[in-house]
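The following paragraphs lead through one protein model, going from a helix and the sheet beneath it to the cores and the aromatic rings. Please keep the sequence and the structure in view while reading.

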Amino acid sequence: MRVTVERVSLTYEGPAGERITALADVSLELARGVCGLMGRTGSGKTTLLEVMAGATRPDAGHVRAEGDGGVALAFQLPERQFFESTVEREVTFGLRARGVAASVARDRADRALALMGLSLEELGARSPFSLSGGQQRRVALASALALRPALLLLDEPTAGLDPHARRACLDAVRAAAADGATVVVASHDANALAEVADRLVVLEGGRVTLDGPARDLLADAALMREHGLEPACAARAACALRRAGVALDGAPLTAEEFAEAIARGRGLA
């Protein structure tokens with residue numbers, strides 16, 4: 001799905017009655033693949049996802065989607081999207097609303113939960129509100145994945161997840177993009193985005209301040225810090241080694257790439 005965000009602006013009223021800018025003249029063209037969305041807390045990431053999902057109406061501008069397939073948004077706080085009595089009904093809700101047969105919806109829910117390391121048989125009859133925070137986040141992600149949307153919007157999907165669940169989440173993001181979806185991942189986790197994002201957009205004060213290939217931007221630790229962002233661990237380590245006079249081949253961005261660069265430098269690869 002091709003998505004055009006054209007000159008979108010949005011303000012809201014603060015606690016003292018002041019007008020606060022959430023988005024200011026944001027324009028983006030998005031296509032298939034994974035776009036990472038970064039920025040300080042309050043920069044407008046969540047608001048932009050909600051506008052793209054049609055959940056929030058902007059004051060100005062519009063979002064246009066071209067292509068077949070629906071839109072799914074997994075909120076940063078899963079309880080914001082839960083309203084069904086059981087996990088099974090929660091994950092199948094969107095499918096049932098679209099007229100998908102009950103047996104097919106249950107099978108797709110089972111597969112989506114399994115992708116997130118959860119079992120429909122074990123959790124299906126439980127209330128989603130009774131789950132742990134990490135389980136709630138994974139159920140929310142499974143609800144979005146079960147729809148197989150053409151536009152998948154994820155807000156801090158790896159926050160609070162253990163390493164196994166985090167890996168499952170990132171694998172699911174890759175799989176959705178490989179199937180042709182346009183995926184937008186808003187996150188403070190540069191390490192996660194380093195593994196999945198093709199493109200990176202940075203917001204500051206509701207405005208786009210950086211937009212380019214994710215590898216180029218995330219590998220530049222100084223640039224990330226300049227924009228108030230924590231660089232990926234591999235980028236930080238590579239920067240520290242170079243400052244210490246240690247030659248390092250390439251610009252490693254993940255832990256695996258960093259280990260390979262060290263090995264090459266020591267003649268071990």
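**A helix across a sheet**

Helix α6, which covers residues 163–178, lies across β3, β6 and β7, and its direction makes about 150 degrees with that of β7. The model is a predicted one, and the helix offers a convenient place to enter it. R166 has its place in helix α6, and this arginine counts as buried because its relative accessible area is 18%, where the cut-off for burial is under 20%. Apart from neighbours within four places in sequence, R166 is in contact with T158, L161, D189, N191, A192 and E195.

The strands under this helix belong to an open sheet of 6 strands, arranged in the order β5-β6-β7-β3-β8-β9 with mixed pairing. At the edges stand β5 and β9 (207–213), each of which has a single partner strand, so one side of each is left without a neighbour in the sheet. From one strand to the next, the twist averages 15 degrees. Within the sheet, strand β6 (residues 151–155) and strand β7 (residues 182–186) pair in the parallel sense over 5 bridges, and L151 stands opposite T182 in β7.

A further helix, α1 (residues 45–53), lies across β3, β5, β6, β7 and β8 (199–204), and it runs at about 155 degrees to β6.

**The antiparallel sheet**

What is the order of the strands in the open sheet whose pairing is antiparallel? This sheet consists of 3 strands in the order β2-β1-β4. Its edges are formed by β2 (19–30) and β4 (60–66), and each has a single partner strand, so one side of each is left without a neighbour in the sheet. The twist here averages 15 degrees from one strand to the next. Strand β1 (residues 2–13) is joined to β2 by 8 bridges, the two running antiparallel, and T4 stands opposite E29 in β2. Helix α1 packs on this sheet, where it touches β1, β2 and β4 and makes an angle of about 60 degrees with the direction of β2. Helix α1 therefore appears in the description of both sheets, since it also lies across strands including β3 and β6.

**The nonpolar interior**

The largest nonpolar core has 57 residues, and those with the most contacts inside it are V183, L200 and L218. A second, separate core, of 24 residues, includes L48, M52, A150 and V184. Residues up to four places away in sequence being left out, L200 touches G36, L37, M38, L193, L210, D211, G212, P213, A214, L217, L218 and M224.

One of these partners, M38, is found in strand β3, which comprises residues 33–38. M38 counts as buried because its relative accessibility is 1%. Beyond its neighbours within four places in sequence, M38 is in contact with K45, S187, H188, A190, L193, L200, V201, V202, L203, L218 and L229. By contrast with these contacts, M38 and A178 lie 22 Å apart in space, C-alpha to C-alpha, and 140 residues apart in sequence.

**The aromatic pairs**

The count of aromatic pairs in the model comes to 2. In one of them, F82 and F129 stand edge-to-face, at 5.9 Å centre to centre and with 85 degrees between the planes. This pair links distant parts of the chain, 47 residues apart: F82 is in the loop between β5 (71–74) and α2 (87–97), and F129 is in the loop between α4 (120–123) and α5 (133–146). F82 is buried, at a relative accessible area of 6%, whereas F129 is partly exposed, at 43%.

F83 and F93 also form a pair, with ring centres 4.7 Å apart and planes at 85 degrees, so this pair is edge-to-face. F83 lies in the loop between β5 and α2, and F93 lies in helix α2, 10 residues apart. F83 is exposed, with a relative accessible area of 52%, while F93 is partly exposed, with 33%.

**The protein as a whole**

Taken together, the secondary structure comes to 11 helices and 9 strands. The radius of gyration is 20 Å, close to the 18 Å that the globule rule gives for 269 residues, so the protein is as compact as a globular protein of that length. Along its principal axes, the C-alpha trace spans about 60 × 50 × 35 Å. Buried residues make up 49% of the 269 residues, and among contacts between residues at least 6 apart in sequence, 64% join residues at least 24 apart.

How values were computed:
Residues are numbered from 1 along each chain as its sequence is written. This is a predicted model: local features need pLDDT of at least 70, side-chain atom pairs count only at pLDDT 80 or more; totals for chains, interfaces and linings use all residues. Side-chain values use heavy atoms; hydrogens and water are left out. A nonpolar core is a set of buried Ala, Val, Leu, Ile, Met, Phe, Trp, Tyr and Cys residues joined through side-chain atoms within 4.5 Å. Buried means under 20% relative accessible area, exposed over 50%, partly exposed in between (1.4 Å probe, protein chains only). Contact means heavy atoms within 4.5 Å. Rings of Phe, Tyr and Trp (its six-membered ring) pair if their centres lie within 6.5 Å; planes under 30 degrees apart count as stacked, over 60 as edge-to-face and the rest as tilted. Helices (H or I, at least four residues) and strands (E, at least two) are DSSP runs, numbered from the N terminus. Two strands pair if DSSP finds at least two bridges between them. Axes are lines fitted to C-alpha atoms, for helices over the stretch in contact, and angles run from 0 to 180 degrees between N-to-C directions. The radius of gyration is taken over C-alpha atoms; the globule rule is 2.2 Å times the number of residues to the power 0.38.
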